[in-house]
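Trainee: Please take one part of this model and go through it closely, then set it against the rest of the chain. I would like the reasoning along with the values.

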Amino acid sequence: MVRLQKSPNEIYSGIEAGGTKFICAVGTNPQDLIIKRIETTTPQKTIEEVIKFFKSYTNIDAKKRIASLGIASFGPLDLNKKSPKHGYITKTPKPGWSNVNLAGKLSDALGIPVAIDTDVNGAALGEQEWGVAKGLDTFIYITLGTGIGGGGVINGGLMHGLVHPEMGHIRIPLDKDDIQDFKGSCRFHKCVAGYGCWEGLASGKAMQLRWGKPPEKILKNDKDYHRAWELEANYIALGVYNLICTLSPQRIILGGGIMGHPGLLEKVQGKVEKLLGGYISALDSPVKFRRYIVRPALVNKKSDVALSGVLGAIVLAKCMRND
Ligand code: ZN
């Protein structure tokens with residue numbers, strides 16, 4: 001992608017559209033960013049709020065013009081530029097949001113061009129521009145939260161294909177220490193014959209289902225604490241291992257609320273190293289694993305809010321007209 005030369009009066013807008021919140025921003029880089037958080041409710045109400053925010057910004061600073069909008073959104077999305085439904089959220093489990101023309105509605109209301117991609121592809125772009133993926137051309141960004149999603153850049157381009165990657169739904173075996181009749185949390189891929197999908201076994205929703213409480217409540221004084229987090233690290237490591245063998249990424253970024261659990265990243269690094277069994281010579285020491293499987297860098301230090309997605313949306317907005 002070719003970067004636009006920023007004119008002094010031109011700025012960009014970006015949205016990280018998530019299932020619980022839309023993080024909206026106006027600016028050009030991490031040091032120049034005005035952020036507004038909007039709760040995700042119905043499509044109509046949420047989109048109205050988003051439009052209000054961007055329009056109000058134009059009223060505050062009339063000298064600056066918002067040139068374009070980038071959206072990094074939950075999905076699935078139609079990203080086929082030739083499709084009449086390009087920019088739509090397609091069949092999402094999120095009630096009311098299936099078949100919503102997210103990009104088109106915002107473009108019409110704001111009168112600016114809109115670029116859209118998945119939340120994880122967006123987060124990957126943000127990290128490539130300003131974070132831990134600077135200078136890399138093949139890497140993966142995985143978010144482990146209520147659900148699991150993965151995207152990234154391959155040979156310099158964002159990962160697209162038939163649709164877009166659905167790394168959260170790769171198939172992995174039920175751990176021998178898991179509840180053996182656990183069905184998982186994915187409504188599309190129930191755990192059968194000892195196999196489930198990654199999201200169904202390892203997402204926050206899966207943890208809630210298995211332990212009766214969300215991951216952030218599974219704490220040290222809990223009787224299930226050790227088993228729960230050991231199991232979680234096993235599952236994360238399995239998925240990461242499969243993706244390393246499939247795509248040969250130069251780095252893997254693990255974001256999302258679950259990865260905030262103390263010590264989990266280090267556990268995952270150790271388990272992936274064990275699973276690979278010394279096979280990949282570029283990763284021949286624990287120090288290399290610590291640099292290889294990492295947390296995102298773009299996080300608001302004060303509020304702990306992840307900014308990779310919304311900053312990636314700003315990059316999408318910056319790049320779109322020269323694509
Ligand atoms: Zn699934």
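Mentor: What follows begins with the metal site, then takes up a helix with its salt bridges, the sheet, and some backbone details.

The model is predicted, and the values below should be read with that in mind. The zinc ion is held by two histidines and two cysteines: His169 and His189 each give ND1, while Cys186 and Cys197 each give SG. The coordination distances run from 2.0 to 2.4 Å. The angles subtended by the four donor atoms at the zinc ion are 100 to 119°. Tetrahedral geometry requires angles between 85 and 135 degrees, and the site is therefore classed as tetrahedral. Along the chain, the donors are spaced as H-x16-C-x2-H-x7-C. The two cysteines come from separate elements: Cys186 sits in the loop between strand S9 (171-173) and strand S10 (195-197), and Cys197 belongs to S10 itself, so the pair ties together parts that are 11 residues apart in sequence. Cys186 has a relative accessibility of 3%, which is under the 20% limit, so Cys186 counts as buried. Cys197 is also buried, at 1%.

Next comes helix H6, which covers residues 225-247. Glu232 is one of the residues of this helix. The relative accessible area of Glu232 is 1%, so this glutamate is classed as buried. Beyond the neighbours within four places in sequence, Glu232 is in contact with Ala202, Met207 and Ile258. Leu201 can be placed relative to Glu232 as well: the C-alpha atoms of the two residues are 8.5 Å apart, although 31 residues separate them in sequence.

H6 also holds Glu230, which takes part in a salt bridge. As a general point, side chains of opposite charge can pair when their charged atoms come close. The partner is Lys271, and the distance from N to O is 2.6 Å. Lys271 is in helix H7 (residues 264-276) while Glu230 is in H6, so this contact joins parts of the chain 41 residues apart in sequence. The lysine is buried, with 19% relative accessibility, whereas Glu230 is partly exposed at 31%. The value for Lys271 lies under the 20% cut-off, which is why the residue is called buried. Lys267 belongs to the arrangement too, since Glu230, Lys267 and Lys271 are linked in a network of salt bridges.

The count of salt bridges in the model is nine. Another of these pairs Asp222 with Lys213, at 2.4 Å from N to O. Asp222 is buried at 13% relative accessible area, and Lys213 is partly exposed at 27%. Asp224 and Lys223 also form a salt bridge, and their closest N and O atoms are 3.6 Å apart. The aspartate, Asp224, is buried at 17%, but Lys223 is exposed at 76% relative accessibility.

H6 is followed by the loop that leads to strand S11 (252-255), and Ser248 is found there. The phi angle of Ser248 is near 50°, a positive value in a residue that is not glycine. Ser248 has a relative accessible area of 53%, which is over 50%, so this serine is exposed.

S11 is part of an open sheet of five strands, ordered S8-S7-S6-S11-S12, with mixed pairing. Strand S8 (157-158) and strand S12 (293-294) stand at the edges with a single partner strand each, so one side of each lacks a neighbour in the sheet. Within this sheet, strand S6 (residues 139-144) and strand S7 (residues 148-154) run antiparallel and are joined by six bridges. Ile142 stands opposite Gly150, which is in S7.

Two further backbone details belong to the loop between strand S4 (65-73) and helix H2 (102-110), where Pro76 is placed. The peptide bond joining Gly75 and Pro76 is cis, with omega at about 5°. Asn99 is found in the loop between S4 and H2 as well. The phi angle of Asn99 is near 65°, which is again positive in a residue other than glycine. Asn99 is partly exposed, at 46% relative accessibility.

Notes:
Residues are numbered from 1 along each chain as its sequence is written. This is a predicted model: local features need pLDDT of at least 70, side-chain atom pairs count only at pLDDT 80 or more; totals for chains, interfaces and linings use all residues. Side-chain values use heavy atoms; hydrogens and water are left out. Helices (H or I, at least four residues) and strands (E, at least two) are DSSP runs, numbered from the N terminus. Buried means under 20% relative accessible area, exposed over 50%, partly exposed in between (1.4 Å probe, protein chains only). A salt bridge is a side-chain nitrogen of Lys or Arg within 4 Å of a carboxyl oxygen of Asp or Glu. Donors are N, O and S atoms within 2.8 Å of the metal (3.2 Å for Na, K and Ca); water is not among the atoms, so sites may look incomplete. Four donors count as tetrahedral if all angles lie between 85 and 135 degrees; four count as square planar and six as octahedral if opposite donors are over 155 degrees apart and all others between 65 and 115; anything else is irregular. Two strands pair if DSSP finds at least two bridges between them. Contact means heavy atoms within 4.5 Å.
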